[in-house]
Amino acid sequence: MALLSSCSSSPVEPIPDSLFGAWEWVRAEGGIAGVTITPESEGFTMTLRITRPDRIEWSRNGDVEVSTRFELLPASGTDFPFPPRLRYDEPILGQEEQELRLSDNELVLSDPCCDGFSYFWLARLE
């Protein structure tokens, strides 16, 4: 995965093309009780739109909740490694930063605390 860090001495690499686009929330796992929640169980939908060069928009039931800038922080550390993270200018899902996992059609954003949630998103064709 290519990484970007505009605020450190690390090399700057492009953000992966697969991050850009629309993402539909399918579930979240975690919390202090270790639960799984879905759009059906919660009664709402969520969408992320990530656009070049560094914008992210979070919508709930089609209404924009937050539109802000993000940066991609690279994986770091050796003894206790940190995965790549998205850092937001304004909090998204109550967080200023979330760990990032990205595969072909799935995006996972995880809260940085041990009793937080991991949010699973699927690429949405528009």
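The legends below describe several views of a predicted model of a single chain.

**View 1. Overview of the chain, with its order of helix and strands.** In this predicted model, the secondary structure comes to 1 helix and 9 strands, and reading along the sequence gives the pattern β-β-α-β-β-β-β-β-β-β. Of the 126 residues, 40% count as buried, while the chain exposes about 7,200 Å², of which carbon and sulfur atoms supply 51%. Among contacts between residues at least 6 apart in sequence, 41% join residues at least 24 apart.

**View 2. The largest nonpolar core and the strands that supply it.** The core shown here has 26 residues, and those with the most contacts inside it are L19, L48, F70, L107 and W121. At least two residues of this core come from each of β1 (21–30), β3 (46–51), β4 (55–60), β5 (63–73), β6 (85–92), β7 (95–102), β8 (106–110) and β9 (117–124). In soluble globular proteins, nonpolar side chains tend to be buried together.

**View 3. The surroundings of L48.** L48, one of the residues with the most contacts inside the largest nonpolar core, is drawn here with its contacts, leaving aside neighbours within four places in sequence. On that basis, L48 is in contact with G21, A22 and W23, with I56, E57 and W58, and also with I92, L107, L109 and W121. Of these partners, L107 and W121 are themselves listed among the residues with the most contacts inside the core.

**View 4. S118 and its polar contact.** S118 lies in strand β9 and has a relative accessible area of 19%, so it counts as buried, the cut-off being under 20%. The side chain of S118 makes a polar contact with the side chain of S110, at 2.7 Å. Not counting residues up to four places away in sequence, S118 touches R27, A28 and E29, together with V108, L109 and S110.

**View 5. The pairing of β6 with β5 and with β7.** Strand β6 runs antiparallel to β5, to which 4 bridges join it, and β6 also pairs with β7 in the antiparallel sense over 4 bridges. R87 in β6 stands opposite E71, and R87 likewise stands opposite E97 in β7.

**View 6. The hairpin of β6 and β7.** This close-up shows the hairpin of β6 and β7, which has 2 residues between the strands, and in which L93 takes a positive phi near 55°.

Note on methods:
Residues numbered from 1 in each chain as written. Predicted model: local features only at pLDDT ≥ 70, side-chain atom pairs only at ≥ 80, totals over all residues. Heavy atoms only, no water. Core = buried A, V, L, I, M, F, W, Y, C linked by side-chain atoms within 4.5 Å. Buried < 20%, exposed > 50% of the residue type's maximum accessible area, 1.4 Å probe, protein only. Contact = heavy atoms within 4.5 Å. Polar contact = N/O pair within 3.5 Å; in protein donor to acceptor, adjacent residues only side chain to side chain. Areas by Shrake-Rupley, 256 points an atom, 1.4 Å probe, with all protein chains shown as cover. Pairing = 2+ DSSP bridges.
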